[in-house]
Amino acid sequence: MFRFDCHAHVYESVVPVGTVRYLPERPAPLIQWLSKIASNALTGGVIVQVSFLGTDNSQLLSALANLDKRRFAGVAVTGLDVSEKELEALHQGGVRGLRWNLVGDAPLPDLGSDDLRRFASRLRALGMHVEIQLESPRLADWLQPLSRLRLPVVIDHIGLPVSQDAQREPWIEALSALSDRSSFFVKLSAPYRGIADPRDHILRLHQLLGDGRFVWGSDWPHTRHEDCAVYEGLLALGEDYDDASAAKALYGITA
């Protein structure tokens, strides 16, 4: 069963940081998300830094400060040049991972660079991970170097699939070709950002990764898809999948 909502965005004000692709019309208050969690009999969850706030994680940290860190955690956004002191402050505030939102024409970090190696080393020292939002075809070409990061890697939104045929999904084909898949986890979230019915893709991913590699996320408040998405989304998959071990491994949260 699913105990946690491991992908939601919470922000009390809508003030963009820098140039943004999209700006929501209204805030997504913490109290509303907590009400969704309670009404769906969930135990806790994970707040993910929303893209329009860039690397200003202050609203994320403010929300986490009001939550029980045994049941709630955060995923922040920083540059590769984030200092040890900055990372330690984020970790102290309840952040357990950093997100790379690389959709569209965003450049992919050079995984072989000195900056990336220092970045990965700092994350390893704190037991943190990276979360990646990237379209399936581009992700496919990047999986091999990602597998060598020596960090847990969470693939957001089922890898944003593009093919109705799970056997021909680019990133899943690339995953199947890897000799070592032990670093990868998948968020079962936001099917409306990829193909409408990803159940075959999820089944194939389970065959490749096994148990303990999946968490569920509502993607609340469903930015850009508010008119068609519902909070429960893929929550019914909790009849077949369990998030306890992955949520503890990635976020340190337990029921």
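Which residues of the largest nonpolar core touch the most other members? In this predicted model, Trp33, Trp100, Leu146 and Trp171 hold that position among the 66 residues of the core. The largest share of this core, 5 residues, is supplied by helix H5, which spans residues 136-147. Apart from it lies another core, of 14 residues, with Cys6, Ala247, Tyr251 and Ile253 among them.

Trp171 has contacts that can be listed individually: leaving aside residues up to four places away in sequence, Trp171 touches Ser136, Leu139, Ala140, Leu143, Ile155, Ile158, Gly159, Val186 and Leu205. As a general background, nonpolar side chains in soluble globular proteins tend to be buried together.

Aromatic rings are a second theme, and a search of the whole structure finds 6 aromatic pairs. Two of these are set out below.

| Pair | Geometry | Centre to centre | Between the planes |
|---|---|---|---|
| Trp100 and Phe119 | stacked | 5.8 Å | 25° |
| Trp216 and Tyr231 | edge-to-face | 5.7 Å | 75° |

The stacked pair links distant parts of the chain, with Trp100 in strand S4 (residues 95-101) and Phe119 in helix H4 (residues 114-126), 19 residues apart. Trp100 and Phe119 are both buried, and ring pairs join these two residues with Trp142 into a cluster. In the edge-to-face pair, Trp216 belongs to strand S8 (residues 214-216) whereas Tyr231 sits in the loop between S8 and helix H8 (244-251), so the pair ties together parts that are 15 residues apart in sequence. Trp216 is buried, with a relative accessible area of 0%, and Tyr231 also counts as buried, at 3% relative accessibility.

Strand S1 (residues 4-8) is mostly covered, since 5 of its 5 residues are buried. S1 is joined to strand S2 (residues 44-48) by 3 bridges, and the two strands run parallel; within this pairing, Asp5 has Gly45 in S2 as its bridge partner. Between S1 and S2 the chain passes through helix H1 (residues 30-39), forming a β-α-β crossover that is right-handed.

A last site centres on His91, which is found in helix H3 (residues 84-92). His91 has a relative accessible area of 22% and is therefore partly exposed, because the buried class requires a value under 20%. Not counting residues up to four places away in sequence, His91 touches Arg96, Leu126 and Met128, and a polar atom of the His91 side chain lies 3.2 Å from the backbone oxygen of Leu126. His91 and Gly127, although 36 residues apart in sequence, are 9.4 Å apart in space, C-alpha to C-alpha.

Key. Residues are numbered from 1 along each chain as its sequence is written. This is a predicted model: local features need pLDDT of at least 70, side-chain atom pairs count only at pLDDT 80 or more; totals for chains, interfaces and linings use all residues. Side-chain values use heavy atoms; hydrogens and water are left out. Helices (H or I, at least four residues) and strands (E, at least two) are DSSP runs, numbered from the N terminus. Buried means under 20% relative accessible area, exposed over 50%, partly exposed in between (1.4 Å probe, protein chains only). Contact means heavy atoms within 4.5 Å. A polar contact is a pair of N or O atoms within 3.5 Å; within protein, one must be able to donate a hydrogen and the other to accept it, and residues adjacent in sequence count only if both atoms are side-chain atoms. A nonpolar core is a set of buried Ala, Val, Leu, Ile, Met, Phe, Trp, Tyr and Cys residues joined through side-chain atoms within 4.5 Å. Two strands pair if DSSP finds at least two bridges between them. A crossover is right-handed if, with the strands pointing away from the viewer, the path from the first strand over the helix to the second runs clockwise. Rings of Phe, Tyr and Trp (its six-membered ring) pair if their centres lie within 6.5 Å; planes under 30 degrees apart count as stacked, over 60 as edge-to-face and the rest as tilted.
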